[in-house]
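Subject: Structure handover and notes

Hello,

Here is the structure I said I would pass on. My notes on it follow below.

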Amino acid sequence: MTNFNFTSLEREELLHVVLKKLEKYYHDTNSLDVSPIINIEEIASSVTKIDFDNPETPRKALLNAIENLQKYSVHPAHPKYFGLFNPRVNFASILSDLITAVFNPQLAAWSHAPFAAEVENFIIKELGKKFGYQPDKIDGVFTTGGAEANLTALLCALNHTFSDFAENGLFGMSKKPILYCSAEAHHSIQKAAKTVGLGYSSVKSIKTDDNLKISVDDLYQEIQKDIKEGYQPLMIIGTAGTTGSGAIDDLVAINKIAKEFDIWFHVDAAYGGAAILNKDLKQHLNGIELSDSITFDAHKWMSVGMGTSIFFTSHRHILSKTFRITTKYMPKDIENLKTEDPYSHSIQWSRRAIGLKLYLSLSIFGWKGYDELIGHQKMIGDYFKQKLIENNWSIKNKSPLPIYCFTDDRFSTNQDFVQTIEQRIIDSGKSWLSVYSFNKIYTLRACITNYSTTKMDIDELILELNKERKDFIERNFIV
Ligand SMILES: *Cc1c(COP(=O)(O)O)cnc(C)c1O
C-alpha cells in the first residue's frame, strides 16, 4: 500500500526542506512584491498541471505549493501591506499550527482533547476578564472568524429572547424581530440575519454621524417606532472599530438604550477589540464590559493565523441553551466533571483546536508583549498621520486606531484620483492600500496592520503617494 506515513528519514528530510523554504519567505518577505499581477489562466494552470493519476514526489509537490503560494498571493506579512486587518503571523502561532496539525485534537468532545479544550476555556476566561466581564459570568467559544461569532451572537439573542426558539424556531414568533446596527457595521450581520432565516429586512442600518459612529438619537427613535408598530427589537450591535474607517460607536450610550428596552447588546469588536490590551487605547472601548456578548478576532490585531476568533458572552448558560443537543454516540464520560463539551457551545461539531496558537503566543509574549505590539502600531500610525499632514494630504476620519482615510482636498469628489493612485501603487508591487468612501468623500485607506512596519516603510509610502499625486496632476491637467 502507498506509504501515507513516509519513512522516518523522508519525514526528516521533508521537514528540513520545507522549514528552510518557509524561513526564507519569513525572513525575506519585504523583498517581494506585496501583491502579484493577476493572470487567471496562468494561476489556474499552475494548479491544474498536477495530474492525480501520475502523482509527484513529495518533495516536488511541497516545493511547488510553496513556490506558487509565494508567487500568487497578496502578502499581508509584508511590512508595506497597509490593507485590511490581515496581520503578519507571529512565529509562535506558526509553530503552533504545525503542532496542532500533528496532534489534530478533536474539539467536539472535551474528553477527546482535554488539554486543548482547557486551553481554550482558559483563554476565554482571561480575555473575558480583560474586556471587563465578571469572572463568574464569562462564557464563550472559539469560532472560525468574526462572521461565525456574529452569527453565534444572533442565535444567542434569539434563544435568550424567545424561550421556545429551540423548539419552534421562527414559526413560534408572533412578532418580527429587528436587529439594529450602524450603516457602517460589517456585512456579516446581514449575512447572519439571512442565514438564520430572518432575512435582510430584519436588519435596520442606522444613520451615522460625521465620524461614522452610529447616531444614538436615530437608534432610539427607530426602536420606539418599531415597538409602536408591533415589531420585537431583538439585538443592537455596536461596532468597536468599523472595517472601513475604524470608528468606535458610543458603547455606553448604546448600552443605556439596550437596557431601557431590554434588548440584547452585542459589540462587534472583531478588529478594535485588541485595543483592550493597550494601556493607552483601552479607554476607547469603555462600555464593552456592559455588553451581553462580544465578537473578537485574534487573527486580526493579535497577529495569529487565520481562523482564530472568539465569541464572548456574559450570560453563563446561553451558549449551552443555544447549541446543546443530546446524542447517543457522543462520549458521556464528562457528565460528572465540572466542564462542558465544546460542541454544546458551537455551531460546529468536529472542530479544530483553534486556541493553542493564542495560548502559545500569550505564553511566549505575555500581555506586556501585546501591549507593546499594539502601542508600536499606534506609534507608527501617529507618525504616518504627521507625515500625511506635512505632505498636504487631508485625513478625514478621527479613529484612535491606526487607520487613516485621506485624500488631497483638491480631489475629494474625484473618484478617479484615489482609484488611480491605489491601482498604480498596487500594480507597482511596492505597497498595498485600499480606497474608501468616507461620508461621500473619496479617500485612500491605509491601516497599520503589520507589527513589523517601520517609520522607513512609512517614508517610502509617502514618497509613492506624492509621486502618484504629481503624476495624476500632470496627466490630467496641463501644468
Ligand atoms: C473582519 C470583521 C468581521 C468579520 O470577521 P471575519 O473574521 O473576517 O469573519 C466582522 N466585523 C468586523 C467589524 C470586522 O472588521
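To start with one helix pair: H5 and H13 cross in a left-handed sense. Please keep in mind throughout that this is a predicted model. H5 covers residues 114-130 and H13 covers residues 356-390, and their axes come within 9 Å at a crossing angle of roughly 55°. An angle of that size is neither under 35 degrees nor between 65 and 115, so H5 and H13 are oblique to each other. On the H5 side the contact is made by Phe115, Val119, Phe122, Ile123, Glu126, Leu127 and Lys130, and these meet Leu356, Leu358, Tyr359, Leu362 and Trp367 of H13. Sorted by class, that contact holds 10 nonpolar residues, no polar ones and 2 charged ones. As background, an α-helix has 3.6 residues a turn, so residues three or four places apart point the same way.

The next pair is H6 and H8. H6 (residues 146-161) is 16 residues long, and the distance from its first C-alpha to its last is 22 Å, close to the 22 Å expected at 1.5 Å a residue. How much of H6 is covered? Mostly covered is the answer, with 13 of its 16 residues buried. One of its neighbours is H8 (residues 188-196): the two axes come within 9 Å and cross at roughly 50°. That angle makes H6 oblique to H8. The crossing of H6 past H8 is right-handed. From H6, the residues in the contact are Ala147, Asn150, Leu151, Leu154, Leu155 and Leu158; from H8 they are Ser188, Ile189, Ala192, Ala193, Thr195 and Val196. They divide into 9 nonpolar and 3 polar, with no charged residues.

H6 residues turn up again in the surroundings of phenylalanine 323. This residue lies in helix H12 (residues 318-323). Its relative accessible area is 13%, which is under the 20% limit, so phenylalanine 323 is buried. Apart from neighbours within four places in sequence, phenylalanine 323 is in contact with Thr152, Leu155, Tyr343, Ser344, His345, Ser346 and Ile347. Aspartate 371 is a separate matter: phenylalanine 323 and aspartate 371 are 48 residues apart in sequence, and their C-alpha atoms are 35 Å apart in space.

A third helix pair is H9 (residues 216-228) with H10 (residues 251-261). Their axes are 10 Å apart and the packing angle is about 15°, so H9 and H10 are roughly parallel to each other. Their crossing is right-handed. Val216, Leu219, Tyr220, Ile223, Gln224 and Ile227 are the H9 residues involved, and they meet Ala253, Ile254, Ile257, Glu260 and Phe261 of H10. In this contact 9 residues are nonpolar, 1 is polar and 1 is charged.

Nearer the start of the chain is helix H3 (residues 58-71). Its 14 residues should span 20 Å at 1.5 Å a residue, and the end C-alpha atoms are indeed 20 Å apart, which agrees. Which residues of H3 are buried? They are Asn64, Ile66 and Asn68. Among the elements that cover them are helix H1 (8-28) and helix H2 (40-48).

Three single residues remain.

- Serine 303 sits in the loop between helix H11 (298-301) and strand S7 (309-313). Serine 303 counts as buried because its relative accessibility is 1%. Not counting residues up to four places away in sequence, serine 303 touches Pro87, Arg88, Val89, Asn90, Ser93, Ala298, Leu373 and Tyr451.
- Serine 434 belongs to strand S10 (residues 434-438). At 8% relative accessibility, serine 434 also counts as buried. Beyond its neighbours within four places in sequence, serine 434 is in contact with Leu84, Glu422, Thr443, Leu444 and Arg445.
- Threonine 2 is in the segment before H1. Its relative accessible area is 57%, so threonine 2 is exposed. The C-alpha atoms of threonine 2 and lysine 207 are separated by 61 Å, and the two residues are 205 residues apart along the chain.

Regards

Methods
Residues numbered from 1 in each chain as written. Predicted model: local features only at pLDDT ≥ 70, side-chain atom pairs only at ≥ 80, totals over all residues. Heavy atoms only, no water. Helix = DSSP H or I, 4+ residues; strand = E, 2+ residues; numbered from the N terminus. Expected span 1.5 Å × (residues − 1). Buried < 20%, exposed > 50% of the residue type's maximum accessible area, 1.4 Å probe, protein only. Contact = heavy atoms within 4.5 Å. Axes fitted to C-alpha atoms, helices over the stretch in contact; angles between N-to-C directions. Parallel < 35°, antiparallel > 145°, perpendicular 65-115°, else oblique. Left-handed = near helix turned anticlockwise from the far one by under 90°. Nonpolar A, V, L, I, M, F, W, Y, C, P; charged D, E, K, R; others polar.
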